[in-house]
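New to this one? Let's go through it by asking how each label is earned.

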Amino acid sequence: MYFRRTALVTAICAASVSAFSVAPNTGRSSIQHVVASNIAKYDMTLKMSATVTESETAEQTFVPMRPPIDMTWSKIADQLVERFGYTPEEVESYNVLDTDKEALLKLYNSMNMAPAFEKACNQAYM
């Protein structure tokens, strides 16, 4: 039993060693040849692709990643009718919200509650 284990370990070690053995030296190893041929293909000198003048850096303005939505109500109303299937009467009912503070407050509270509800659901799922 002890002999079988030793023979098995020796066979495995011999197989792994022969897999990583080095070929006889013929002047240049195959790895050196591949590296040398690949380096010869590329120009290894360092160059600057472009330079920036001082006037270009001084005149930069801030541009946000996502600019604010600056749409007029008429464009939004047209999109509600065309893309979302609202009737003109439903769109007209939103014009009342300009003067109704209680309805605006109710919408604001529901907009705040929706992410809180989503966060609670995600935490309960985890």
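Here are some short questions and answers on the model and a few of its residues.

Q: What makes up the chain, helices or strands, and how many of each are there?
A: Mind first that this is a predicted model. The chain has 6 helices and 0 strands, and from the N terminus the elements run α-α-α-α-α-α.

Q: How confident is the predictor, and which helices have the lowest and the highest mean pLDDT?
A: pLDDT goes from 0 to 100, and the chain's mean is 74, with 53% of residues at 70 or more. Among the elements, helix H3 (residues 54–58) has the lowest mean, 55, while helix H4 (residues 73–82) has the highest, 92.

Q: How much of the chain counts as buried?
A: Buried means under 20% relative accessible area, and 3% of the 126 residues count as that. As for the accessible surface, it comes to about 12,700 Å², and 63% of that belongs to carbon and sulfur atoms.

Q: Why is Glu90 called partly exposed?
A: Glu90 has 39% relative accessibility. Partly exposed is the range between under 20% and over 50%, so Glu90 counts as partly exposed. Glu90 sits in helix H5 (residues 88–93), and its C-alpha atom is 9.4 Å from that of Leu80, 10 residues apart along the chain.

Q: What makes the aromatic pair of Tyr86 and Tyr94 tilted?
A: The structure holds 1 aromatic pair. Tyr86 and Tyr94 form it, at 6.4 Å centre to centre and 50° between the planes. Rings pair if their centres lie within 6.5 Å, and planes that are neither under 30 degrees nor over 60 apart count as tilted, so this pair is tilted.

Q: How do you know whether those two tyrosines, Tyr86 and Tyr94, are buried or exposed?
A: Neither label fits: Tyr86, at 29% relative accessibility, counts as partly exposed, and Tyr94, at 36%, counts as partly exposed too.

Q: Where is Leu97, and what is it in contact with beyond its neighbours within four places in sequence?
A: Leu97 is in the loop between H5 and helix H6 (101–125). Contact means heavy atoms within 4.5 Å, and Leu97 has such contacts with Ala103, Leu104 and Leu107. The C-alpha atoms of Leu97 and Leu107, 10 residues apart along the chain, are separated by 9.9 Å.

How values were computed
Residues are numbered from 1 along each chain as its sequence is written. This is a predicted model: local features need pLDDT of at least 70, side-chain atom pairs count only at pLDDT 80 or more; totals for chains, interfaces and linings use all residues. Side-chain values use heavy atoms; hydrogens and water are left out. Helices (H or I, at least four residues) and strands (E, at least two) are DSSP runs, numbered from the N terminus. Buried means under 20% relative accessible area, exposed over 50%, partly exposed in between (1.4 Å probe, protein chains only). Accessible areas come from the Shrake-Rupley method with a 1.4 Å probe; for residues, only the protein chains shown count as cover. Rings of Phe, Tyr and Trp (its six-membered ring) pair if their centres lie within 6.5 Å; planes under 30 degrees apart count as stacked, over 60 as edge-to-face and the rest as tilted.
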